[in-house]
Amino acid sequence: MAISITRADHTASELRDRASRARDGASARRMLALALVLEGKSRTEAAISCGMDRQTLRDWVHRYNAEGLAALRIGLTLGAARD
């Protein structure tokens, strides 16, 4: 099943730029995976390119859609980004 990013906060280019400046490597990988999805790559292709499995990428897309970039940081779960 295709996965889509519903937020229009950032373009793929902006996500790549933020990833290049991220201090946390895991967050940077998540942003890069999202950028690939925005560019039309399949979930499998984007996940493998960024060292994660398809289900993990799906989970991160859902978190990003719900919470934005803050949800991609380590240790945050849905709802925690607002605290």
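Biologist: As I understand the terms, a residue is buried under 20% relative accessible area, exposed over 50%, and partly exposed in between. What does Ala70 count as?

Modeller: This is a predicted model, and every value I give is computed from it. Ala70 has a relative accessibility of 24%. Because that value lies between the 20% and 50% limits, Ala70 counts as partly exposed.

Biologist: Where does Ala70 lie?

Modeller: Ala70 belongs to the segment that comes after α4.

Biologist: Let me step back to the whole chain. How many helices and strands are there?

Modeller: The chain has four helices and zero strands. Its pattern along the sequence is therefore written α-α-α-α.

Biologist: What share of the chain is buried?

Modeller: Of the 83 residues in the chain, 39% are buried. The area that the chain exposes is about 4900 Å², and 48% of this area comes from carbon and sulfur atoms.

Biologist: And the contacts: what percentage join residues at least 24 apart?

Modeller: The figure is 45%, taken among contacts between residues at least 6 apart in sequence.

Biologist: Now to pockets. How much space lies in the largest pocket?

Modeller: The largest pocket holds about 200 Å³ of space. Two elements, α1 (12-21) and α2 (25-38), each give two or more residues to its lining.

Biologist: Which residues line the largest pocket?

Modeller: The lining consists of Arg18, Arg21, Ala22, Arg23, Asp24, Ser27, Met31, Leu69, Ala70, Leu72 and Arg73. Sorted by class, five of the lining residues are nonpolar, one is polar and five are charged.

Biologist: Ala70 and Ser27 are both on that list. How far apart are Ala70 and Ser27 in sequence and in space?

Modeller: In sequence, 43 residues separate Ala70 and Ser27, while their C-alpha atoms are 9.5 Å apart.

Biologist: Arg21 is listed there too. Which residue forms a salt bridge with Arg21?

Modeller: The partner of Arg21 is Asp17, and the closest N and O atoms of the pair are 2.8 Å apart. Both residues sit in helix α1, four residues apart, which is about one turn of the helix.

Biologist: How do Asp17 and Arg21 count in terms of accessibility?

Modeller: Asp17, with a relative accessible area of 38%, is partly exposed. Arg21 counts as exposed because its relative accessibility of 56% is over the 50% limit.

Biologist: How many salt bridges does the structure hold?

Modeller: There are four salt bridges in the structure. Side chains of opposite charge can pair when their charged atoms come close. One of the pairs is Glu39 with Arg16, whose closest N and O atoms lie 2.8 Å apart. This pair links distant parts of the chain, since Glu39 is in the loop between α2 and α3 (43-49) and Arg16 is in helix α1, 23 residues away.

Biologist: What are the relative accessible areas of Glu39 and Arg16?

Modeller: Glu39 has 43% and Arg16 has 32%. Glu39 is therefore partly exposed, and Arg16 is partly exposed as well.

Biologist: Which residue pairs with Arg7?

Modeller: Arg7 forms a salt bridge with Asp9, and the closest N and O atoms are 2.7 Å apart. Arg7 is partly exposed at 24% relative accessible area, and Asp9 is partly exposed at 41%.

Biologist: A change of topic: Ile3. Is Ile3 buried or exposed?

Modeller: Ile3 has a relative accessible area of 17%, and because this is under 20%, Ile3 is buried. Ile3 lies in the segment before α1.

Biologist: What does Ile3 touch, leaving out residues up to four places away in sequence?

Modeller: Ile3 touches Val37, Arg43, Arg58 and Val61. Ile3 and Arg43 are 40 residues apart in sequence, with 6.8 Å between their C-alpha atoms.

Biologist: And Arg58, where does Arg58 lie?

Modeller: Arg58 is in helix α4, which covers residues 54-67. At 32% relative accessibility, Arg58 counts as partly exposed. Neighbours within four places in sequence aside, Arg58 is in contact with Ile3 and Arg43. The C-alpha atoms of Arg58 and Arg43 are 7.7 Å apart, and the two residues are 15 apart in sequence.

Biologist: One last residue: where does Ser42 lie?

Modeller: Ser42 is in the loop between α2 and α3, and it is partly exposed with a relative accessible area of 36%. Its C-alpha atom is separated by 7.4 Å from that of Ala2, 40 residues away along the chain.

Definitions and conventions: Residues numbered from 1 in each chain as written. Predicted model: local features only at pLDDT ≥ 70, side-chain atom pairs only at ≥ 80, totals over all residues. Heavy atoms only, no water. 1 Å grid on protein atoms, 1.4 Å probe; cavity = no way out; pocket = protein on both sides within 12 Å on 5 of 7 lines; lining within 4 Å. Points joined across faces, edges and corners; volume = space filled by probe spheres on them. Nonpolar A, V, L, I, M, F, W, Y, C, P; charged D, E, K, R; others polar. Salt bridge = Lys/Arg side-chain N within 4 Å of Asp/Glu carboxyl O. Buried < 20%, exposed > 50% of the residue type's maximum accessible area, 1.4 Å probe, protein only. Contact = heavy atoms within 4.5 Å. Areas by Shrake-Rupley, 256 points an atom, 1.4 Å probe, with all protein chains shown as cover.
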